[in-house]
Structures are given as structure tokens and as C-alpha cells.
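Subject: Handover of a structure and its findings

Dear colleague,

Please find the structure below, handed over for your use. The findings follow directly after it.

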Amino acid sequence: MSQLRESIDKSIVLEVELSTEELSIRRIHFYQRLGYNLWKKEYLQPPYKAGCREIPMYLMANGILTPSDDFERVKEKIHSEVYGVIK
């Protein structure tokens, strides 16, 4: 993960499960130790297939991105480029 971060000259954004279980809390702490910041804003991961529900999650990012300035833009980019959601 550190090598990936060092080889890319852009911020990296991750989707992580809500911190409701020990494993998800440990995963968030792992990413924080690697320099990622937890964005505690409501984020819904679109369903992978029709008929499934959205999944509440958090975003984490490294670099210069901030939730106050970049959350909506990043969310829309993930939704359109990763999940094919067009609004």
C-alpha cells in the first residue's frame, strides 16, 4: 500500500465499512497509520447489481483532499466512473 501511494502522484480514495465491528475499526486504523484520513460524512456505496441496496460506508483519502472541499466531487466521480451511476 505504501509503495502504491508513493508511486502515484495523486490522492487515493478508499471506501471502508462503517466502524461498527472490531475488524472494520482495525482496518480504518490500519489505513490511518498509512496516512489516510477518515471522512465521517454520509456516503452510500451504490449496489453492484440491480435489486440490491446501497451500503452505508465511509470514504478515506490521503493527500490534499478534504471532506469539506472535495466530498461531493469525489463521491460523484466514484459513482460515475466505478459504478456507472449517472445522475
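Arg-73 and Asp-70 both belong to helix α3, where they lie three residues apart, about one turn of the helix. Please note that the model is a predicted one.

The side chains of Arg-73 and Asp-70 meet in a salt bridge, with an N to O distance of 2.9 Å. Asp-70 counts as buried, because its relative accessibility is 11% and the limit for burial is under 20%. Arg-73, by contrast, is partly exposed, with a relative accessible area of 48%. Helix α3 holds a further pair: Lys-75 and Glu-72 are likewise three residues apart, about one turn of the helix. Their side chains form a salt bridge at 3.3 Å, N to O. Here Lys-75 is the buried partner, at 19% relative accessibility, and Glu-72 is partly exposed, at 42%. In general, an α-helix has 3.6 residues a turn, so residues three or four places apart point the same way.

The count of salt bridges comes to four. One of them joins Glu-17 and Arg-27, whose closest N and O atoms are 2.8 Å apart. Glu-17 lies in strand β1 and Arg-27 in helix α2 (residues 22-33), so this pair ties together parts that are 10 residues apart in sequence. Glu-17 counts as partly exposed, at 37% relative accessibility, and Arg-27 is also partly exposed, with a relative accessible area of 29%.

Strand β1 deserves a description of its own. Its covered face consists of Leu-14 and Val-16, while Val-13, Glu-15 and Glu-17 make up the uncovered one. The strand pairs with β3 in the antiparallel sense, over five bridges, and Glu-17 stands opposite Met-57 of β3.

What do the buried residues of α3 pack against? Their partners are β1, β2 (37-45) and β3 (55-61). The buried residues of this helix are Asp-70, Phe-71, Val-74, Lys-75, Ile-78 and His-79. Asp-70 and Lys-75 therefore appear both among the buried residues of α3, each being under 20% relative accessible area, and in the salt bridges described above, Asp-70 with Arg-73 and Lys-75 with Glu-72.

The next item is the largest pocket, which has a volume of about 360 Å³. Its lining consists of Lys-10, Ser-11, Val-13, Leu-14, Glu-15, Leu-65, Val-74, Lys-77, Ile-78, Glu-81, Val-82 and Tyr-83. Two elements, β1 (13-17) and α3 (67-81), give two or more residues to this lining. Which element provides the largest share? That is α3, with four residues. By class, the lining has seven nonpolar residues, one polar residue and four charged residues. Val-74 and Ile-78 line the pocket and are also buried residues of α3. From β1, the lining includes Leu-14, which belongs to the covered face of the strand, as well as Val-13 and Glu-15, which belong to the uncovered face.

Finally, a remark on helix α2, in which Tyr-31 is found. Tyr-31 counts as buried, at 17% relative accessibility. Between Tyr-31 and Pro-47 there are 24 Å in space, C-alpha to C-alpha, and the two are 16 residues apart in sequence.

With kind regards

Methods: Residues are numbered from 1 along each chain as its sequence is written. This is a predicted model: local features need pLDDT of at least 70, side-chain atom pairs count only at pLDDT 80 or more; totals for chains, interfaces and linings use all residues. Side-chain values use heavy atoms; hydrogens and water are left out. On a 1 Å grid over the protein atoms alone, a cavity is a set of points where a 1.4 Å probe fits but cannot get out, and a pocket is an open set with protein on both sides within 12 Å along at least five of seven lines; lining residues have an atom within 4 Å of a point. Grid points are joined across faces, edges and corners, and a volume is the space filled by probe spheres set on the points. Ala, Val, Leu, Ile, Met, Phe, Trp, Tyr, Cys and Pro count as nonpolar, Asp, Glu, Lys and Arg as charged, and the others, Gly among them, as polar. Buried means under 20% relative accessible area, exposed over 50%, partly exposed in between (1.4 Å probe, protein chains only). Contact means heavy atoms within 4.5 Å. Two strands pair if DSSP finds at least two bridges between them.
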